[in-house]
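Here is a short tour of one model, taken piece by piece. Keep the structure open beside the text as you read.

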Amino acid sequence: MGLTAIAATDLTWTLHAKAPNPDATSASVWITDDKLRYAAGAPLKWRDASGSEQGINIDPEKKFQEVLGFGAAFTDAACYMFNQLPTAAREQLLHELFHPSKLGLNVCRTCIGASDYSTEVFSYDEGEPDLEMKRFSIQHDEAYVLPALRQARKENPDLFLFSSPWSPPGWMKAGGSMLGGSMRQRFFPAYAQYFVKFLQGYAAAGVPVQAVTVQNEVDTDQDARMPACLWPQEYEIGFVKSHLGPALKSNNISTRIWILDHNYNLWGRAICELDDPDLRKFCNDVAFHGYVGTPDMMSKVHEAHPDAQMYWTEGGPDITAADYATDWATWGETFTGALRNWCRSLTGWNLALDEKGRPNIGPFPCGGLVTIHSETKQITRSGQYWAFAHFSRSVRRGGRRVESAGQIEGVHHVAFQNSDGQKVLVVTNRGAAKKTLVMQGNKAMDLPLSANSLTTLVWS
């Protein structure tokens, strides 16, 4: 599959390597390129700025959205793969992924029932119509999903979870199946209680969930090839304002509701839903995927509703791609585009899958953030993993994106200021040639960029 393995001893060195602490005269540097994986570079020194140099101009006084964090999805498939590891190896991997001193992932997704990345098709209430949810049970998740979530939260107590259904139970839908089809409005009251039962059950199991989306990808039924469900715009509005929102409120559940959970090109739908004042009583958050459209479409939502908050909730590598393990610059560009267009968080798709992108009951060839080989249990890391490292290890929750200006062909950049005043700049060079840029604010700094690289700078 073209995967690049990194020995455990090399990985431990990489994640423990420390750049010198930045001071008033220098910036710490972290580099991923064809030779290095999030490795500390030599500190860069500030110098006087001439004012006429072309490069990246930083203005920390011009602030944008607050950052929530970074992560990936605890699909049923991912948790199944974690469970295939010996106990010590599983604990070590979860420590690497979630502990704040390591990759520090802290905004992750769970699935409400089966997704396309599950071991089987299931919901939490199978069979004939059950309007009172007497049959509801999260027992399926007790084997390996909930244990993985509890361990991750033990590693990172600040873990923020949002949960998405790929389909309501089949009996709530036209066609009677979780595979494709559409929701029936007469089951809205029961489905609101389904969400309540899920949130109460997960909280009782030690895994509180901070947000839910109404439906993963509201605008497709995937031709009935996988768990999916169509939700017309008026259905989502009606469900949120008349059923789900009131049900959460009456049960004293503080979990937030995020709408859409689909592609950039549906930005107009997001605006129309947020235009409804009764929906806005319960929802001010929009979830986006980046498969269709461009990230600037999210800025259109911001222009219409400046107080709305946006999140990037799905995207992952192709396990069949030759550059699965080396496409960090592609992901650097993707992440930068979302963050420069008001997203508060980035959450990739499956945390872990095997070398063939399994378990998988759907039609897509996704890879995991990490790959766990089905036979050897060897762990390899994707290019997306290394791209996440450049954001999640330096940009803190509560920090703010700040102005970084400058157009350089093949170069993408985004800057932040953490709540302690520390500044962070992440620069992606997708080009095949090395470059040297100038970064400047009150002072200037010469910034060398390797080909096909991500570079993170941190300074006081």
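## Helix α9 and what it packs on

In this predicted model, the buried residues of α9 pack against two helices and three strands by name: α7 (267-274), α10, β12, β13 (309-314) and β14. Helix α9 itself covers residues 296-304, and its buried residues are Met297, Met298, Ser299, Val301 and His302.

## The barrel

Three of those partners, β12, β13 and β14, turn up again in a closed barrel of eight strands, in the order β5-β6-β7-β10-β11-β12-β13-β14. The pairing here is parallel. On average, and with direction ignored, neighbouring strands of the barrel sheet are turned by 25 degrees against each other.

For a look at one pair, take β11 (residues 256-263) and β12 (residues 285-289): they run parallel and are joined by five bridges. Within that pair, Asn263 sits opposite His289 of β12. Helix α6 (residues 233-250) packs on this sheet and touches β10 (211-213) and β11. The direction of α6 makes about 150 degrees with that of β11. Helix α11 packs on the barrel sheet too, touching β5 (69-74) and β14 (343-350), and its direction makes about 145 degrees with that of β5.

## Leu279, tucked away in α8

Is Leu279 buried or exposed? With a relative accessible area of 0%, Leu279 falls under the 20% cut-off and is therefore buried. This residue belongs to helix α8 (residues 277-280).

Leave out the neighbours within four places in sequence, and Leu279 is in contact with Ile237, Val240, Lys241, Ile259, Glu273 and Leu274. Ile237 is 42 residues away along the chain, yet the C-alpha atoms of Ile237 and Leu279 are separated by 6.3 Å.

## The open sheet

Now for the other sheet. This one is open and has 10 strands, with the order β2-β1-β23-β20-β19-β18-β4-β21-β22-β3 and mixed pairing. Its edge strands are β2 (39-45) and β3 (47-48), each of which pairs on one side only. At the β2 edge, β2 and β1 (residues 26-32) pair in the antiparallel sense over five bridges. There, Trp30 has Ala40 of β2 as its bridge partner.

Two helices pack on this sheet. Helix α10 (residues 328-339) touches β1, β4 (55-66), β18 (400-405), β19 (411-417), β20 (423-429) and β23 (453-459), and the α10 direction makes about 55 degrees with that of β19. Helix α11 (residues 383-392) touches β1, β19, β20 and β23, and its direction makes about 15 degrees with that of β23.

## Where α10 meets α11

How are α10 and α11 arranged against each other? They pack at an angle of about 45 degrees, with their axes 8 Å apart, and are therefore oblique to each other. Their crossing is right-handed.

On the α10 side, the contact is made by Trp328, Trp331, Gly332, Phe335, Thr336 and Leu339. On the α11 side, the residues are Gly383, Gln384, Trp386, Ala387, Phe388 and Phe391. Sort the residues of this contact by type and you get eight nonpolar, four polar and no charged.

## The β3 edge and Asp446

Back to the open sheet, at its β3 end. Strands β3 and β22 pair in the antiparallel sense over two bridges, with Asp48 opposite Lys443 of β22. On to β21 (residues 435-440), which pairs with β22 in the antiparallel sense over six bridges. Met439 has Met445 of β22 as its bridge partner. A hairpin links β21 to β22 through two residues.

Asp446 lies in β22 (residues 443-449). Its relative accessibility is 37%, so Asp446 counts as partly exposed. Setting aside neighbours within four places in sequence, Asp446 is in contact with Leu44, Arg47, Leu437 and Val438. As for His243, Asp446 is 203 residues from it in sequence and 56 Å from it in space, C-alpha to C-alpha.

Conventions: Residues are numbered from 1 along each chain as its sequence is written. This is a predicted model: local features need pLDDT of at least 70, side-chain atom pairs count only at pLDDT 80 or more; totals for chains, interfaces and linings use all residues. Side-chain values use heavy atoms; hydrogens and water are left out. Two strands pair if DSSP finds at least two bridges between them. Helices (H or I, at least four residues) and strands (E, at least two) are DSSP runs, numbered from the N terminus. Contact means heavy atoms within 4.5 Å. Axes are lines fitted to C-alpha atoms, for helices over the stretch in contact, and angles run from 0 to 180 degrees between N-to-C directions. Angles under 35 degrees count as roughly parallel, over 145 as roughly antiparallel, 65 to 115 as roughly perpendicular and the rest as oblique. A crossing is left-handed if the near helix is turned anticlockwise from the far one by less than a right angle, and right-handed if clockwise. Ala, Val, Leu, Ile, Met, Phe, Trp, Tyr, Cys and Pro count as nonpolar, Asp, Glu, Lys and Arg as charged, and the others, Gly among them, as polar. Buried means under 20% relative accessible area, exposed over 50%, partly exposed in between (1.4 Å probe, protein chains only).
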